[in-house]
Amino acid sequence: MYKSEFDNLVRQNKTFKAYMFYGQCNYLIESYALKTAQQFASDNDIEKIYYDEYNFKACKEKLLQSSLFASSNVLLIKLEKKLPKNEVEELIKACNTNENSYVIFACMKDSEFKTMQNYFTLKNSAVGVRFFSLFAKEAMQLLEQEAKLLNLKYDVSALHHLYFMHRNDLSLCMNDLKKLSIVDEIITSKVVNQHCFWFGAVSLEEFLYKLLSKQIINEDVNALLNEGANEIYLITQITAYIQHL
């Protein structure tokens, strides 16, 4: 299902035994996975298993047993590769066998996980949620929400600058907002440049400004391409920037 459908179920206080979050926005995948896990246990009682730490046998045994230290068994498993069908189904079954167990999968790459969602059905009290890349306006709303939670004094343009600087990576932006929360001044683009680090020597925002100002951009384009950007990425950023304006 999509994010909007899942959000509606959450508002109705619907819960499941197994969750799968995947798609094109790592920030939403990780944040939804953690918030879901926190519904059932405190941070200290959530067992987090990352990538190569995953062991099917150990996870199944954990879910089948009663917790010695908490009221619930909650596994938060972060993956980059899809799991075999039988393993996923066995873990979901274990959660349904033990009323105190829950498993949450945070799947960090979109390419392999679409078929894995088929194993998560309402019939077995499991749900798979797919996230798509956020529109720039949605990303800015999330950044502003976080900035307000951190009691930051900021210029909105600084948040736009941070977002472009990190190639629309919300996770990096959120981490930098926490870093900026200790700065005792209004957060401007200049302050962002002083305390945060972008992906290269060329400011993407400056490049876009030059482009729309009809300035010469040959060197900037070459520098961005050499630093790992590609043509599709640059076109996407130009489109997003125009939407901002």
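**Close-up views of a predicted model**

**View 1. M116 sits in the loop that runs between β4 (101-107) and β5 (126-131).** Welcome to this model, which is predicted. M116 has a relative accessibility of 0%, so this loop residue counts as buried. Which residues does M116 touch, leaving aside those up to four places away in sequence? They are M20, L79, K82, L83, V88, F105 and C107. For a sense of scale, look for Q243 as well: Q243 lies 127 residues from M116 along the chain, and their C-alpha atoms are separated by 35 Å.

**View 2. Five strands form an open sheet with parallel pairing.** Following the sheet across, you meet the strands in the order β2-β3-β4-β1-β5. Which strands are at the edges? They are β2 (46-50) and β5, each of which pairs on one side only. From one strand to the next, the twist averages 15 degrees. As a general reminder, strands of a sheet pair through backbone hydrogen bonds, and the pairing can be parallel or antiparallel.

**View 3. Here β2 meets strand β3 (residues 73-79) in a parallel pairing.** How many bridges link β2 and β3? The two strands pair over 5 bridges. To find your way in this view, start at I49, whose bridge partner in β3 is I77.

**View 4. N73 belongs to strand β3.** Is N73 buried or exposed? Its relative accessibility is 2%, and N73 therefore counts as buried, the cut-off being under 20%. The side chain of N73 also has a partner to look for: a polar contact of 3.4 Å joins it to the side chain of S101.

**View 5. Two helices lie across strands of the sheet.** Helix α1 (residues 3-11) lies across β1 (18-23) and β5, and runs at about 135 degrees to β5. Helix α2 (residues 26-40) lies across β1, β2, β3, β4 and β5. What angle does helix α2 make with β1? Helix α2 runs at about 165 degrees to β1.

**View 6. R130 is a residue of strand β5.** With a relative accessible area of 17%, R130 is buried, because buried means under 20%. Now look for F6 in the same view. How far apart are R130 and F6 in space, C-alpha to C-alpha? The distance is 9.5 Å, while along the sequence R130 and F6 are 124 residues apart.

Conventions: Residues numbered from 1 in each chain as written. Predicted model: local features only at pLDDT ≥ 70, side-chain atom pairs only at ≥ 80, totals over all residues. Heavy atoms only, no water. Helix = DSSP H or I, 4+ residues; strand = E, 2+ residues; numbered from the N terminus. Buried < 20%, exposed > 50% of the residue type's maximum accessible area, 1.4 Å probe, protein only. Contact = heavy atoms within 4.5 Å. Pairing = 2+ DSSP bridges. Axes fitted to C-alpha atoms, helices over the stretch in contact; angles between N-to-C directions. Polar contact = N/O pair within 3.5 Å; in protein donor to acceptor, adjacent residues only side chain to side chain.
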